[in-house]
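Trainee: I'm new to this structure and I'd like a close look at one part: the aromatic side chains. Could you walk me through them and then show me what lies around them?

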Amino acid sequence: MTIFKTYTGNAMLNNALMTIEALARLKSVSAITPSLLKELYHQVDLKETNKRLKNYTMLFTNNGPLHNNKGNDDRVYGSLFSTIVSNFESEGANICEISGLAFQTTFNEFYELALKEAGFSNKEIGSKDTNISRTWFPLIGSLGSDAQALPQAKFTVQIHPICIAVLQFLPLSALLYKRGILLVDSSNFELSREMVAQNTQTLSEKIQNISLKESVENVRDFSKGDYLLKALDILAEKEDFEETYSDLNMWSFSNSGTGANCEIDRIPNFLIRKLQRLYTNAKIDIELKGILAKNETAYSFIKSLEKNTDWSLLYPNVFGSGKKAIRYEGVSPEFMEAYYAEVGKTELLPTAKYIAGLIQQYKSKAFEKLLVKTDGWNDPEYKVELFRVLVKATEDNKWGLEQHIAILDNKDELPIKNTYYQFQKLIHYFTWKKVQSNTLPPIYVLNTKVLKACKWIISLIQKDDKVNAIKSNLTNPNENAKVGFNRIVFDALANTEIALEEVIEILYDEEYNYRKYGLNEVLRIFFSQTDQQEFEFENLKSNLNRDALLQNWIAKIKSFANDYRAYYFGRYQGSGNGGLPHNKFQKTIDPFIKENDNFYTLLIEAIFNTNQFIKEREHTKDDKWKMEDLMTNPLGNNNRNICVLAVKFLLKETSIKPLELSIIN
Amino acid sequence: MDKLLEIQLSGWTATPRLPFILSGNAICMHTPSYSLVLGIIGCCLGRVVHAGEVKLGFKYKYDTAAQDMETRHRLEFDGKRIKKHSKGTDAYMREFHTSPKLTVWIDRLDWKAYFDNPIGTPSLGRSQDILKIDKVTIVRVSKIEKGNLGGSLLPFTTGVQAGGQLVQLAEAYLENNEVGSGRTPLASKVFISIPHDNGAEIIFNNLYETKEEIPVSFYLHEFVK
């Protein structure tokens, strides 16, 4: 009589069924019958074997009949198994929630019957808990301790008794994974069936090699990578290898005592496909096996491959220090190429190889010392030396602004950070492995924020009166960091429509700190080019227009600038030709905003005069403007750099823009 | 069928538990079960909704799975009565989903008013996993043969080209008449709970898609009557 036509939706039950199939060498789950279970029970000496297996208590606790010997429960085990199997039902009013099978006689009833047959008195039977609990089905909950998680706190999960009997075979394939019992669970039953069969074989060999008197320790020899290798081997053997959709859920659980827990690692189909492609690459399959076979490498490798992120062990490195330091050479170039292809970053490789070639041509003596170090890329000086190489290459027309932007860690981050940490590792890798290229690969950075910001400032520099001095300073390593941009922007305001938000986005970080060094370095590359394209000014689309905090802050300073102009016009109106003194105002503002040392003195004076003017006009007593109103950044902090920029920028803008009607009125 | 009632719900947290993992910690299924969604509908209607009353489709997604450590006030049943556990409370790890979004499609257009003004507060999992109803609309749909079913729960048959978690679930439950006598599970089947980030295109029966600028495909489940 067939018990199951196919597998169920319960991973524990399915693994137990697959174990039985493996032990009895069955071709299908439908071949499992009650009589076969009975026969197999004796064939594998299930009671004695389970008593010896250490994994049994992780699966069924030590409160079951095999380990709780107070009531001589050992004799109940065989009786219960036999009673359930001999009286298998496939019809009845009850529906098993685990398997969907119908049945009439409940587990409690069978248990009581088995106790009777084992010679227990009615009184003894009455004192026993005969409910289904996690002693019989792992993690299913017990009325005695998990009642709140069970229906109405007084009903156990409804389970067909045959499932309890079937589960007794699960220990015969239960290996450890992440310190818990492994369950192999997949919608591709062929895959999980084959994996369980291999696990059964492993455990059966272990059982056979140990004396009958000894207990069988848990098998904890395999890592996640090992199990994945098994899966890949199995999939490779399938004829429909390419068409099968395979995912894998690897359960790790324990049902033991107070340490009951469960977690499931999901290995999605796309990750299996990636691993398959690497595995079938004859140039790297041995290397991949080595990585997956070691716990310390397998986890990080699989995680990185799944998330399409950089895997740190691709690159040469040194672990530990002193005499215990271990030098690691990194993966093979073939593996590197294959990995980068799988994570969709192949386009980085030609550039890295090209820069490795530039290093050979332009390296300094100091750089040579770094290059011979396994983990040279990790030295803070590496970036400095590499930048020197790139500047020299630029001067020889072998490098340029767009190529440089292409290697930045974040091409869309403003203010610009001239860091290329990801490339440093890759470049050092190819230098280390002596892989180079002389071909400069095509670059696609047109729509990056960094390129747009560079073009924005370059266009202003190119039109500035002091363009040659600025270029000279930017290309001079000793002067580069000193070059500022405020004066260039203020002067450009006369002919160019610039928004304050653009300047803030390019030069200030999220906390409104001034950050110009990345920009200066990148501009050094551009102005070191032998051929420098002329750029037309183009406004940046800044998201800061939607930043309410910043907009309110700008509006406040703009209001001061307007008040100051109103004061100024009020005082000097009619002093010349009788009209508004625009030119005089401009001539006052220009030296004001160029002033650095006396700026605060002048600002205090401007605030005082403006307040006096407003008090007279509006007949009020209180000052409208205070220094701290203007010298507090949008976040309310006393960060004067951005405040000075905004006051100067908006005063200059006010001196240029036509007077608004509201001011006249 | 060319029109369905679409109800969009969202919340801060949700706990669609993986059934039958009751001891130790709690872990989540990638999607809620049909019986759970039926319960949410019943909550809005203010009564028990029976499986035969409605055809039901849903899509479920969330930001991430996180873990909560909760104090559990344990109970035990001694065969006669439910009482506080003799060992008192314990700490319990619970997995939960953050920022859940559940879109439900049902063929009962006449129930729209209940979702506009729900009688109960719907929740997905624990009592604190409350959902708000973002939108209730009647949408035009058309039948399709193949669709992206990430975030769905499909009856499993061998050969379904989808990855996810296989689960044995009762489609729905029938409340027993006698108070305190529990409920009866109906039609226990194997389902596959497909994670929302699994974008595989699947050929399946009873697939529909909404007629919108960006159509959404879903499976409409018909309960066993």
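Mentor: Happy to. Let's start with a big group of names: A:Phe560, A:Tyr564, A:Tyr567, A:Tyr568, A:Phe569, A:Tyr572, A:Phe585, A:Phe592, A:Phe599, A:Tyr600, A:Phe613 and A:Trp625 form one aromatic cluster. Keep in mind that this is a predicted model. One member of that cluster, A:Phe599, also has a charge over its ring: the charged end of A:Lys648 sits there, 4.9 Å from the ring centre. You'll find a similar arrangement at A:Phe120, where the charged end of A:Arg75 sits over the ring at 4.1 Å from its centre.

Now for the ring pairs. Over all chains, the count comes to 42 aromatic pairs. Take A:Tyr111 and A:Trp136: their ring centres are 5.4 Å apart and their planes stand at 80 degrees, and since planes over 60 degrees apart count as edge-to-face, that is what this pair is. The two rings come from distant parts of the chain, 25 residues apart: A:Tyr111 belongs to helix α6 (residues 107–117) of chain A, while A:Trp136 is in the loop between α7 (122–126) and α8 (161–167) of chain A. Both A:Tyr111 and A:Trp136 are buried.

Another pair is A:Phe189 with B:Phe156. Here the ring centres are 5.6 Å apart and the planes are at 85 degrees, so this pair is edge-to-face. A:Phe189 lies in helix α9 (residues 189–208) of chain A and B:Phe156 in the loop between β10 (153–155) and β11 (165–175) of chain B, so the pair joins two chains. A:Phe189 is buried, with a relative accessible area of 10%, and B:Phe156 is buried as well, at 11%.

Follow A:Phe189 and you meet A:Asn14. Apart from its neighbours within four places in sequence, A:Asn14 is in contact with A:Tyr7, A:Thr8 and A:Phe189. A:Asn14 has its place in helix α1 (residues 11–23) of chain A, and it counts as buried because its relative accessibility is 4%, under the 20% cut-off. For a sense of scale, the C-alpha atoms of A:Asn14 and A:Val489 are separated by 72 Å, and the two are 475 residues apart along the chain.

The domains help you place all this. Chain A is divided into domain 1 (11–217), domain 2 (268–339), domain 3 (346–545) and domain 4 (547–656). Taken over C-alpha atoms, the centres of domain 1 and domain 3 of chain A are 67 Å apart.

More aromatic side chains turn up in strand β5 (residues 248–254) of chain A, where 7 of its 7 residues are buried. A:Asn249, A:Trp251 and A:Phe253 point one way from β5(A), with A:Leu248, A:Met250, A:Ser252 and A:Ser254 pointing the other way. β5(A) pairs with strand β4 (residues 180–185) of chain A in the antiparallel sense, over 5 bridges, and A:Leu182 has A:Ser252 of β5(A) as its bridge partner. β5(A) is also joined by 7 bridges to strand β6 (residues 261–267) of chain A, again antiparallel. There, A:Met250 stands opposite A:Asp265 in β6(A). β5(A) and β6(A) form a hairpin with 6 residues between them, and A:Gly257 in the turn has a positive phi of about 45 degrees.

Over in chain B, you can pick out an open sheet of 3 strands, in the order β2-β7-β4, with antiparallel pairing. β2 (13–14) and β4 (65–72) of chain B stand at the edges with a single partner strand each, so one side of each is left without a neighbour in the sheet. β2(B) is joined by 2 bridges to strand β7 (residues 90–98) of chain B, and the partner of B:Thr13 in β7(B) is B:Thr98.

Last, the cysteines. The structure holds 0 disulfides over all chains. The sulfur of A:Cys96 has its closest cysteine sulfur in A:Cys163, 4.0 Å away, which is too far for a bond. A:Cys96 is buried, with a relative accessible area of 0%. B:Cys28 is in no disulfide either, and the nearest cysteine sulfur, that of A:Cys262, is 12 Å away. B:Cys28 counts as buried too, at 11% relative accessibility.

Conventions
Residues numbered from 1 in each chain as written. Chains lettered and ligands numbered in written order. Predicted model: local features only at pLDDT ≥ 70, side-chain atom pairs only at ≥ 80, totals over all residues. Heavy atoms only, no water. Phe/Tyr/Trp six-rings, centres within 6.5 Å; stacked < 30°, edge-to-face > 60°. Helix = DSSP H or I, 4+ residues; strand = E, 2+ residues; numbered from the N terminus. Buried < 20%, exposed > 50% of the residue type's maximum accessible area, 1.4 Å probe, protein only. Lys NZ or Arg CZ within 6 Å of the ring centre and 35° of its normal. Pairing = 2+ DSSP bridges. Contact = heavy atoms within 4.5 Å. Domains from an automatic or database assignment. Disulfide = S-S within 2.5 Å.
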